[in-house]
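Work through the two exercises below with the sequence and the model in view. Each task is followed by a solution in steps.

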Amino acid sequence: MRAQNVGNDTDKNRSRKLTVTEFILMKNREKISMVTSYDYWSSKICDKAGIDVLLVGDSAGMVMLGYDSTIPVRMKEMLLFTRAVARGTKRGLIVSDMPLGSYQTDTIHAIRNAIRFIKAGSDAVKLEGGVEVADKIRAIVNCGIPVLGHIGLKPQTAKLWEGYRVQGNTCASGSDLIKDAKELEKAGVFGIILEMVTSEISKLISKNVRIPTIGIGSGPYCDGQVLVLHDMLGLYDDIKPRFVKNYTYLSKHIFQATQNYINEVKTGVFPEDKHTFHMKKEEYNKLKAGK
Ligand code: KIV
């Protein structure tokens, strides 16, 4: 039996939203599935498929808007994506990424922006960083807004320093990550994303915190996994991280279908009569007769 308010629902047939409390209770009971989503149609499909959490990640800036990193992503873009995902989601927990610049400057600014995401339909927000953002996280949680942490590789600032590299591969960096995770737990996060963290460190973190850890490129010992939907579906290949598993190659299907469409338009094969509307014969004859 899971959380008290789960009733008789099983995960697959739950017709209402997963709550943050239920998410936490999944630790050590059931692996958590999370995928990114930025629009109405994909959130509808993923939600129907039974995904636990939809992450409106700021990776949207790269895969949806063509930026070369998440640095340029703005609040108004993230809010637009969040609203679309909220319209397509009935049961998955929606977490929105707070973009770079929306929470670093001061606490009030961070709280205001977190509230904007909740008003747009999100159930929680995600902030990148460990010890250095713990105060902002605490303040947002104190306002009643659930926060998901994100440590390890931090894409919002990684490019400014050492680039996209595996984290926690030395004793010093591993123990810093463990410290970060504990600090975030104390600040009140309901879970922590571990990005590109060595599996030894993600195992230690997962054992040492009571909240779920969600890995991306961080091995099998996390309490759940997240992937960027466009990577998983083979829709985006500007960057191809080794940790991504392609479950299909949709871009090939889209390419082929578009070429077929172009050919049929050029050769007049499309549209056929079944795609065409006709007026009544008598009306047409009247028109031709000039009446
Ligand atoms: O923006 C995003 O997609 C993310 C995932 C990489 C966890 O933060």
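**Exercise 1.** Which residues surround the ligand? Find the polar contacts of Ser59, Asp97 and Lys126 with the ligand as well.

Solution.

Step 1. The model is predicted. In this model, the shell around the ligand is made up of Thr36, Leu55, Gly57, Asp58, Ser59, Asp97, Lys126, His150, Glu195, Ile216 and Val228.

Step 2. Sort the shell by residue class: three residues are nonpolar, four are polar and four are charged.

Step 3. Look for polar side-chain atoms beside oxygen atoms of the ligand. For serine 59 the distance is 2.5 Å, for lysine 126 it is 2.8 Å, and for aspartate 97 it is 3.0 Å. A polar contact requires N or O atoms within 3.5 Å, so these pairs are to be read against that cut-off.

Step 4. Turn to the ligand's surface. On its own the ligand exposes 260 Å², and 96% of that is buried by the protein.

**Exercise 2.** Is threonine 89 buried or exposed? Describe its place in the chain and its contacts.

Solution.

Step 1. Locate the residue: threonine 89 sits in the loop that runs between helix 4 (75-88) and strand 3 (93-97).

Step 2. The relative accessible area of threonine 89 is 9%, and buried means under 20%, so threonine 89 is buried.

Step 3. List the contacts, leaving out residues up to four places away in sequence: threonine 89 touches Lys17, Ser43, Asp47, Leu54 and Ile94.

Step 4. Check the side chain of threonine 89: one of its polar atoms lies 2.7 Å from the backbone oxygen of valine 85.

Notes. Residues are numbered from 1 along each chain as its sequence is written. This is a predicted model: local features need pLDDT of at least 70, side-chain atom pairs count only at pLDDT 80 or more; totals for chains, interfaces and linings use all residues. Side-chain values use heavy atoms; hydrogens and water are left out. Helices (H or I, at least four residues) and strands (E, at least two) are DSSP runs, numbered from the N terminus. Buried means under 20% relative accessible area, exposed over 50%, partly exposed in between (1.4 Å probe, protein chains only). A polar contact is a pair of N or O atoms within 3.5 Å; within protein, one must be able to donate a hydrogen and the other to accept it, and residues adjacent in sequence count only if both atoms are side-chain atoms. Contact means heavy atoms within 4.5 Å. A residue is near a molecule or strand if one of its heavy atoms lies within 4 Å of it. Accessible areas come from the Shrake-Rupley method with a 1.4 Å probe; for residues, only the protein chains shown count as cover. Ala, Val, Leu, Ile, Met, Phe, Trp, Tyr, Cys and Pro count as nonpolar, Asp, Glu, Lys and Arg as charged, and the others, Gly among them, as polar.
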